Amino acid sequence: ATDVTIQLDANCEESLEDYTSMITATDNCDLDLTITQVPAPGTILTGDGTVQTVVITVSDDNGNQTTCEFDVTLEDVSAPTITCPADVSVTADAGVCEATGVSLGSPVTSDNCGVASVSNDAPATYPVGTTVVTWTVVDTAGNTSSCTQNVVVTDDEDPSITCPADQNVSADGGSCTAFVSILSPSTSDNCGVMSVVNDYNMTSDATDVYAIGTTVITWTVTDIYGNTSTCTQNIVVTDNENPVI
């Protein structure tokens, strides 16, 4: 007889078929042979990988018997199910461009025969942006399913900026203005500075011509994620040149 493999149902079980009708038997005297099966048809079998030996017995009216046997192997081919936790949104940790200690939650899993393991490929730290975490469930038969969860990290930390010291200069000779060389402010950011601009000439270099009096320069630093900070610097130009008479 040929061994048989049957697939388990949604309850991780399957009933044994009636294999007697598939048996061909002959006898020299008896044309009405008795064929029996052990375990009986309809016997419920459970468990992936279970091997059940089925014995078929053929009997004639004179009490003569012949048996044959074969193995029925149970196989679980049903993949488990998995539903990922909801997406997570967090802000970057202070002073760095990443988040640690993110709580992902737990997926919901099920399987007809049983879940063996649930795992994910989550990193220890999450950079600013979207990280896709893949969850994988494995059942007791080795069948797998997966789902994905998004971890979104945003940078809400403003950059820092320190303006150069105020400058006090005299007007250029014969002029009511002064050409002033100005240092750049000191800036930093947890993720990176994109630009530094002043509101006097709208560039990153405030070196320019300034009129008599006090000019207040506002410096603005913008980081790569659009967060901004400002500081102010005073440029004081005085007229120390005597008139001509």
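This report describes the fold, sheets, cores and two contrasting loop residues of a predicted model.

Residues are numbered from 1 along each chain as its sequence is written, and side-chain values use heavy atoms, with hydrogens and water left out. Because the model is predicted, local features need pLDDT of at least 70 and side-chain atom pairs count only at pLDDT 80 or more, while totals for chains, interfaces and linings use all residues.

**Overall form**

The protein chain has 0 helices and 22 strands. Helices (H or I, at least four residues) and strands (E, at least two) are DSSP runs, numbered from the N terminus. The C-alpha atoms fill a box of roughly 155 × 25 × 20 Å along the principal axes. The radius of gyration of the chain is 42 Å, whereas a compact globule of 245 residues would have one near 18 Å. That radius is taken over C-alpha atoms, and the globule rule is 2.2 Å times the number of residues to the power 0.38.

Of the 245 residues, 32% count as buried. Buried means under 20% relative accessible area, exposed over 50%, and partly exposed in between (1.4 Å probe, protein chains only). Among contacts with a separation of 6 or more, 58% join residues 24 or more positions apart. A contact means heavy atoms within 4.5 Å.

**Strand pairing**

Two strands pair if DSSP finds at least two bridges between them. Three pairs are listed here, each with one pair of opposed residues.

| Strands | Sense | Bridges | Opposed residues |
|---|---|---|---|
| β1 and β6 | parallel | 4 bridges | V4 and V72 |
| β5 and β6 | antiparallel | 9 bridges | T53 and D71 |
| β16 and β22 | parallel | 4 bridges | Q167 and I235 |

β5 and β6 also form a hairpin, with 5 residues between them. G63, in the turn, has a positive phi of about 85°.

β16 and β22 belong to an open sheet of 4 strands. The order is β16-β22-β21-β19, with mixed pairing. Its edge strands are β16 (167-170) and β19 (193-198), each pairing on one side only. Neighbouring strands are turned by 20° against each other on average, direction ignored. Here axes are lines fitted to C-alpha atoms, for helices over the stretch in contact, and angles run from 0 to 180 degrees between N-to-C directions.

**Nonpolar cores**

A nonpolar core is a set of buried Ala, Val, Leu, Ile, Met, Phe, Trp, Tyr and Cys residues joined through side-chain atoms within 4.5 Å. The largest has 16 residues. Those with the most contacts inside it are V102, L104, Y126, V133, W135, V151 and V153. β13 (129-139) and β14 (144-154) each supply at least two residues of this core. Another core, of 15 residues, lies apart from it and includes I161, C163, A178 and V221.

Leaving aside neighbours within four places in sequence, V102 is in contact with V88, V90, Y126 and V151.

**Two loop residues**

D76 sits in the loop between β6 (65-75) and β7 (81-83). D76 is buried, with a relative accessible area of 3%. Not counting residues up to four places away in sequence, D76 touches L8, D48, D111, N112, C113, D139, A141 and N143. A polar atom of the D76 side chain lies 3.1 Å from the backbone nitrogen of S78.

A10 lies in the loop between β1 (4-7) and β2 (13-15). A10 is exposed, with a relative accessible area of 65%. A10 and V102 are 92 residues apart along the chain, and their C-alpha atoms are separated by 36 Å.

Key: A polar contact is a pair of N or O atoms within 3.5 Å; within protein, one must be able to donate a hydrogen and the other to accept it, and residues adjacent in sequence count only if both atoms are side-chain atoms.
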